[in-house]
Amino acid sequence: MAAVSVAAEWQLLYNRYYRKPEIYSMQWNVDLTRNKIACAPFGGPIAVIRDDAKIVQLLAESALRKLNIYNSAGILLSSTRWDRPGGRLVGMSWTDDQILICVVQDGTVYRFNIHGEIQEPNISLGKEFLEQNVVECVFWGNGMVCLTEGYQIFCISDFKNPNPCKLADPLLEEFPLCMAVIEPQYTMYGNVEVLLAVNDYVLVVDEEGVQQIGVGMGPFQKMVAAQDGKLLALFTHDGRLLVRSTDFVHEYIDYTYDNLRLIRSSLPEAVEACIDAAGHEFDVSRQRTLLRAASYGQAFCSHLQRDLFREMCKTLRVLNAVRNYEIGIPLSIQQYTNLTAPVLIGRLINAHQHLVALRISEYIGLSQEVVIMHWACAKITASLAIHDAALLEILLDKLKLCKGISYAAVAAHADKNGRRKLAAMLVEHEPRSSKQVPLLLSIGEEDTALMKATESGDTDLVYLALFHIWQKSPPLEFFGMIQARPLARDLFITYARCYRHEFLKDFFLSTGQLQDVAFLLWKESWELGKNPMASKGSPLHGPRIKLIEKAHNLFAETKEHTFELKAAEEHAKLLRIQHELEVTTKQAIFVDSSISDTIRTCIVLGNHRAAMKVRSEFKVSEKRWYWLKVFALATIRDWDALEKFSKEKRPPIGYRPFVEACVDADEKSEALKYIPKLSDPRERAESYARIGMAKEAADAASQTKDGELLGRLKLTFAQNAAASSIFDTLRDRLSFQGVS
């Protein structure tokens with residue numbers, strides 16, 4: 001009898017069997033004839049609002065309309081007062097992500113979540129609707145088309161990116177009998193197509209134009225396109241239901257085949273059929289009957305996918321859990337497959353069914369993080385009366401269930417809801433500094449953020465904290481905060497040295513590091529000297545000198561920088577003298593040269609008085625003075641002055657520099673004035689050799705009785721055979737005398 005009653009539920013329609021099982025006994029008291037209804041696909045929620053296009057008798061209800069949202073079992077999820085401007089409610093539908101779309105006459109689109117909360121901003125279809133009201137809407141997935149009083153069609157392809165566009169003018173003279181849409185993903189050019197039933201045919205309207213199809217088949221009272229956009233169901237005026245391809249051209253042919261085989265040979269197929277049938281069954285007892293049969297049969301099958309039975313059992317446990325009337329999502333197995341488990345989990349948590357979502361995630365091996373995160377954020381929003389410390393314990397008890405969960409994200413939600421103390425307490429449990437530090441900064445916990453950043457050792461995080469605090473805090477407060485943290489202090493100094501000298505000087509002054517301020521001032525003087533305007537006697541040298549003098553004064557206040565003190569003093573003095581020289585000579589060749597170069601340049605220019613002044617100011621030694629003057633006079637080839645200088649008194653550096661200066665200038669005759677005055681015979685020999693006088697070099701060398709010197713001198717005259725023989729003869733004589 002049971003088998004007969006089950007079979008009796010199925011009815012044959014053409015070559016397919018269908019049945020209409022009752023899933024729930026609805027828990028509401030709603031008169032569907034008095035209301036507009038919008039049912040979400042995949043067992044989603046149901047939106048109900050009194051139809052203001054109908055004249056209905058108000059019983060015990062208020063005149064103010066309410067938008068009620070139920071689950072699929074008729075349990076009320078939310079209720080909100082409908083007081084939206086814009087005229088009569090024309091159309092209502094759910095998007096793929098379960099946002100309720102409500103379109104009113106003036107083209108305004110209002111959006112609500114499943115909790116009846118308005119989603120900002122509202123969407124407007126454009127100025128065209130200010131003159132023409134919307135009279136009908138057809139929805140799909142995340143889009144819709146609207147027909148206006150002027151028979152014009154407008155489209156929004158995606159509510160997430162609402163850019164209304166106008167379709168081609170269908171040139172109607174009266175309203176169509178019905179409308180349907182073919183979604184963009186199923187059309188040839190990827191644009192939505194609108195089907196309008198007019199007279200005894202159908203108009204296909206898109207952005208490019210209008211096409212007439214199905215002439216003579218109508219008139220049609222209702223049209224619905226199949227999910228894949230290939231077939232169209234049409235209900236005619238005389239009560240017939242037609243199914244045609246959407247282009248009204250292609251025909252479909254079904255072939256039937258015999259299954260008249262013995263059960264033994266078809267046992268694997270029978271087992272799979274039982275498993276598949278159990279999946280399509282809503283009644284739990286029938287599921288068990290079919291699965292028991294499949295379990296019995298698969299024991300005799302050697303070539304059956306063993307995972308098929310186990311996966312079906314898991315799937316049915318999930319489906320049965322969400323089909324429970326308290327959850328109210330009566331998904332079929334095909335809908336569940338199309339929707340996918342992660343999307344189902346998302347819908348459960350949006351409906352605040354966190355416990356079921358968590359258990360399903362754990363059961364099928366999905367990450368529980370998204371569920372726990374959503375629960376934690378919802379708990380914070382709904383727990384305004386619970387103290388921070390108590391709420392923290394509640395949150396931590398669940399958050400610790402998921403390893404690696406983002407405490408920082410939950411803390412950010414707490415801060416967004418005005419619970420800054422709770423946010424600070426939560427972020428303490430975030431192990432990742434990269435998430436912890438930015439949030440601490442955003443909630444005003446700058447000191448803690450800087451501490452966490454420095455403890456992490458991540459210089460990028462430290463700089464992030466530094467720049468944030470730098471912008472918000474008074475300088476002295478900022479200086480005190482970084483002074484206690486060496487890493488933060490050193491990174492700040494490194495940055496400020498390159499880009500913020502003035503601020504860095506303030507920092508050093510606040511911490512008593514006067515020598516560091518002095519070094520910065522000195523560096524600034526050099527940077528100022530690189531300015532092209534600081535040449536040719538520019539007055540910019542004045543500020544440079546003042547900077548160095550300030551550095552000198554700061555060095556004077558410390559005891560450990562006597563060298564820098566003296567150097568700064570002499571640098572400023574030298575720069576001042578060089579600046580004066582450039583002004584008087586009108587030649588930009590003195591500034592930033594050394595003391596020696598300054599003296600040499602003065603002598604070369606013939607300004608001996610200035611050279612003597614520099615010598616006196618910087619206490620240049622007599623030997624150094626002689627060296628500088630000898631080579632300076634040789635540079636300008638003033639041989640008379642050089643000779644006169646050599647005779648003023650016996651030179652403290654000897655006569656060798658005079659010889660070298662003349663030889664370098666290729667003046668042999670001038671060199672001969674000084675070579676005889678060299679007291680060391682080796683120096684005389686080498687000097688004669690340098691100007692090519694072999695005999696004189698040999699005579700001087702013979703006084704040294706140094707064979708090695710004779711060898712070196714011979715190499716000097718290697719290209720001159722006669723000169724080489726002189727040195728050979730001299731070496732032979734020394735060897736005979738027993739001198740090596």
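In which sense do strand 7 and strand 8 pair, and over how many bridges? The legends below describe close-up views of a predicted model, beginning with the sheet that holds these two strands.

**View 1. Strands 7 to 10 form an open sheet of four strands.** The order of the strands is 7-8-9-10, and their pairing is antiparallel. At the edges stand strand 7, covering residues 89–94, and strand 10, covering residues 123–124. Each of these edge strands pairs on one side only.

**View 2. Strand 7 meets strand 8 in the antiparallel sense.** Five bridges make up the pairing, and strand 8 spans residues 100–104. Within this pair of strands, G91 is placed opposite V103 of strand 8.

**View 3. Strands 19, 20 and 21 form an open sheet of three strands.** The strand order is 19-20-21, with antiparallel pairing. Strand 19 (220–225) and strand 21 (241–245) are the edge strands, and each has a single partner strand, so one side of each lacks a neighbour in the sheet. On average, neighbouring strands of this sheet are turned by 25 degrees against each other when direction is ignored.

**View 4. Strand 20 and strand 21 run antiparallel.** Strand 20 comprises residues 231–236 and is joined to strand 21 by five bridges. One residue pair may be picked out here: L232 has R244 of strand 21 as its bridge partner.

**View 5. Helix 22, residues 608–617, has three buried residues, A610, A611 and V614.** Viewed down the helix axis, the buried residues of helix 22 fall within an arc of 100 degrees, and therefore they line one face of the helix. The exposed residues R609 and S616 are carried on the face turned away from the buried side. After helix 22 comes K619, which has a positive phi, near 50 degrees.

**View 6. The model contains one cavity of 30 Å³ or more.** The space in the largest cavity amounts to about 120 Å³. The lining of this cavity consists of 13 residues, of which P45, L77, I327, I329 and A351 are the closest to its centre. Classified by type, the lining has six nonpolar residues, six polar residues and one charged residue.

Conventions:
Residues are numbered from 1 along each chain as its sequence is written. This is a predicted model: local features need pLDDT of at least 70, side-chain atom pairs count only at pLDDT 80 or more; totals for chains, interfaces and linings use all residues. Side-chain values use heavy atoms; hydrogens and water are left out. Two strands pair if DSSP finds at least two bridges between them. Helices (H or I, at least four residues) and strands (E, at least two) are DSSP runs, numbered from the N terminus. Buried means under 20% relative accessible area, exposed over 50%, partly exposed in between (1.4 Å probe, protein chains only). The arc is that of the directions from the helix axis to the C-beta atoms. Axes are lines fitted to C-alpha atoms, for helices over the stretch in contact, and angles run from 0 to 180 degrees between N-to-C directions. On a 1 Å grid over the protein atoms alone, a cavity is a set of points where a 1.4 Å probe fits but cannot get out, and a pocket is an open set with protein on both sides within 12 Å along at least five of seven lines; lining residues have an atom within 4 Å of a point. Grid points are joined across faces, edges and corners, and a volume is the space filled by probe spheres set on the points. Ala, Val, Leu, Ile, Met, Phe, Trp, Tyr, Cys and Pro count as nonpolar, Asp, Glu, Lys and Arg as charged, and the others, Gly among them, as polar.
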